[in-house]
Amino acid sequence: MQKYDIHKMYQQSVQCVEAEIDFVEATYKAIRGNEARYLREDFSGTGQTAGEWVARNANNKAWAVDLDAEVLAWGKKHVRAKLKNRENLRYIKADVRDSGIKNMDIVLAMNFSYFLFMQRDKMIEYFKSVRSSLEETGIFFLDAFGGYEAAKELTEERECDGFTYIWEQASFNPITSEMQCYIHFKTDDGVEINQAFSYYWRLWTLPELQELLYQAGFQQVDVYWEGTDEKTGEGDGNFQASQVGTADAGWVCYIVALP
Ligand SMILES: C[S@@+](CC[C@H](N)C(=O)[O-])C[C@H]1O[C@@H](n2cnc3c(N)ncnc32)[C@H](O)[C@@H]1O
């Protein structure tokens, strides 16, 4: 049996579903004044975020949508099986543009996965399908990344518990903004897992994404920018609706769109 599991490593190194759901829960409540219950996680992979949603409240229900049967099977075994109210999390093998999961309070497109749609018409088609899947009072949450190092060919390493996480921006084409990124892992006992995850996507800018969301019919689109910790100069984990961001080397933000 393999000593490592790339989905566990991804979970430990990339995702912080608790913080993500803290933001989504609090922002929904601040905007709508009540609590959301039905959440769809698009491009869910193993459905960690949907699992966190269901774990928070016995009345919460979530649908995790992904095209890849292998990641969904992993999620059923390792995420859903650990939940007390596991019947409230469903895994759906479908294209996110056509999953049939509607009447949602919240739809999530996180980990930049929607950057995989590289033409404007494909992106608008996806955004329109999300809008029609939301309740009138629903909210669409996306994340985005950028900054002047986002378009650079580079490799960054970070130490995690028992392994090194390696993010590689292998190529970037300024003519199309398309880029090839990889996640590699190296275990502390020397096992190299090259290209554990591979993403070929377009580095969309925030003005483009806001324009496309409005074009798809969303009525209000806000960018939530992270505050800065004065002592460290790093992000403080507190995201607020903002008109002006900071010209950082690398940033991550949320986009919040109301139908
Ligand atoms: C960046 S990963 C997301 C990983 C995820 N957050 C996780 O926890 O594993 C992108 C995922 O999107 C899925 N995907 C790509 N295109 C899709 C589409 N059109 N519809 C549904 N899923 C799609 C891939 O199968 C992959 O699992």
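Here are some questions and answers on the ligand site and the two sheets of this predicted model.

Q: What makes the ligand's approach to Asn111 a polar contact?
A: A polar contact needs a pair of N or O atoms within 3.5 Å. Here a ligand nitrogen sits 2.7 Å from an N or O atom in the Asn111 side chain, so the pair meets the cut-off of 3.5 Å. Taken alone, the ligand exposes 600 Å², and the protein buries 86% of that.

Q: How do you know that Asp95 and Thr46 also make polar contacts with the ligand?
A: Same test, with a cut-off of 3.5 Å. For Asp95, a side-chain N or O atom is 3.3 Å from a nitrogen of the ligand. For Thr46, a polar backbone atom is 3.4 Å from a ligand oxygen. Both distances pass, therefore both pairs count as polar contacts.

Q: Which residues come nearest to the ligand, and what classes make up the shell?
A: There are 17 residues around the ligand, and Gln15, Asp66, Val96, Asn111 and Tyr199 come nearest. By class, the shell holds 8 nonpolar, 6 polar and 3 charged residues.

Q: Why are S3 and S11 called edge strands?
A: The open, mixed sheet has 8 strands in the order S3-S2-S1-S4-S5-S12-S10-S11. S3 (89-93) and S11 (235-242) each have a single partner strand, so one side of each has no neighbour in the sheet. From one strand to the next, the twist averages 20 degrees.

Q: How do you know that S10 and S11 are paired?
A: Pairing takes at least two bridges. S10 (residues 220-228) and S11 are joined by 5 bridges and run antiparallel, so they qualify as a pair. One bridge partner to look up is Gly235 in S11, opposite Thr228.

Q: What makes H5 a helix that packs on this sheet?
A: The test is contact, meaning heavy atoms within 4.5 Å. H5 (residues 120-133) touches S1 (38-42), S4 (104-109) and S5 (134-146), and its direction makes about 145 degrees with that of S5. Another helix, H6 (residues 206-215), lies across S5, S10 and S12 (251-258), at about 150 degrees to S10.

Q: Why is the pairing of S7 and S8 accepted, and in which sense do they run?
A: The bar is at least two bridges. S7 (residues 163-173) and S8 (residues 178-187) have 10 bridges in the antiparallel sense, so they pair. Trp167 stands opposite Ile183 in S8.

Q: What makes S6 and S9 the edge strands of their sheet?
A: This open antiparallel sheet has 4 strands in the order S6-S7-S8-S9. S6 (154-160) and S9 (192-202) each pair on one side only. Ignoring direction, neighbouring strands are turned by 15 degrees on average. Helix H1 (residues 6-13) lies across S6, S7, S8 and S9, at about 65 degrees to S9.

Technical notes: Residues are numbered from 1 along each chain as its sequence is written. This is a predicted model: local features need pLDDT of at least 70, side-chain atom pairs count only at pLDDT 80 or more; totals for chains, interfaces and linings use all residues. Side-chain values use heavy atoms; hydrogens and water are left out. A residue is near a molecule or strand if one of its heavy atoms lies within 4 Å of it. A polar contact is a pair of N or O atoms within 3.5 Å; within protein, one must be able to donate a hydrogen and the other to accept it, and residues adjacent in sequence count only if both atoms are side-chain atoms. Accessible areas come from the Shrake-Rupley method with a 1.4 Å probe; for residues, only the protein chains shown count as cover. Ala, Val, Leu, Ile, Met, Phe, Trp, Tyr, Cys and Pro count as nonpolar, Asp, Glu, Lys and Arg as charged, and the others, Gly among them, as polar. Helices (H or I, at least four residues) and strands (E, at least two) are DSSP runs, numbered from the N terminus. Axes are lines fitted to C-alpha atoms, for helices over the stretch in contact, and angles run from 0 to 180 degrees between N-to-C directions.
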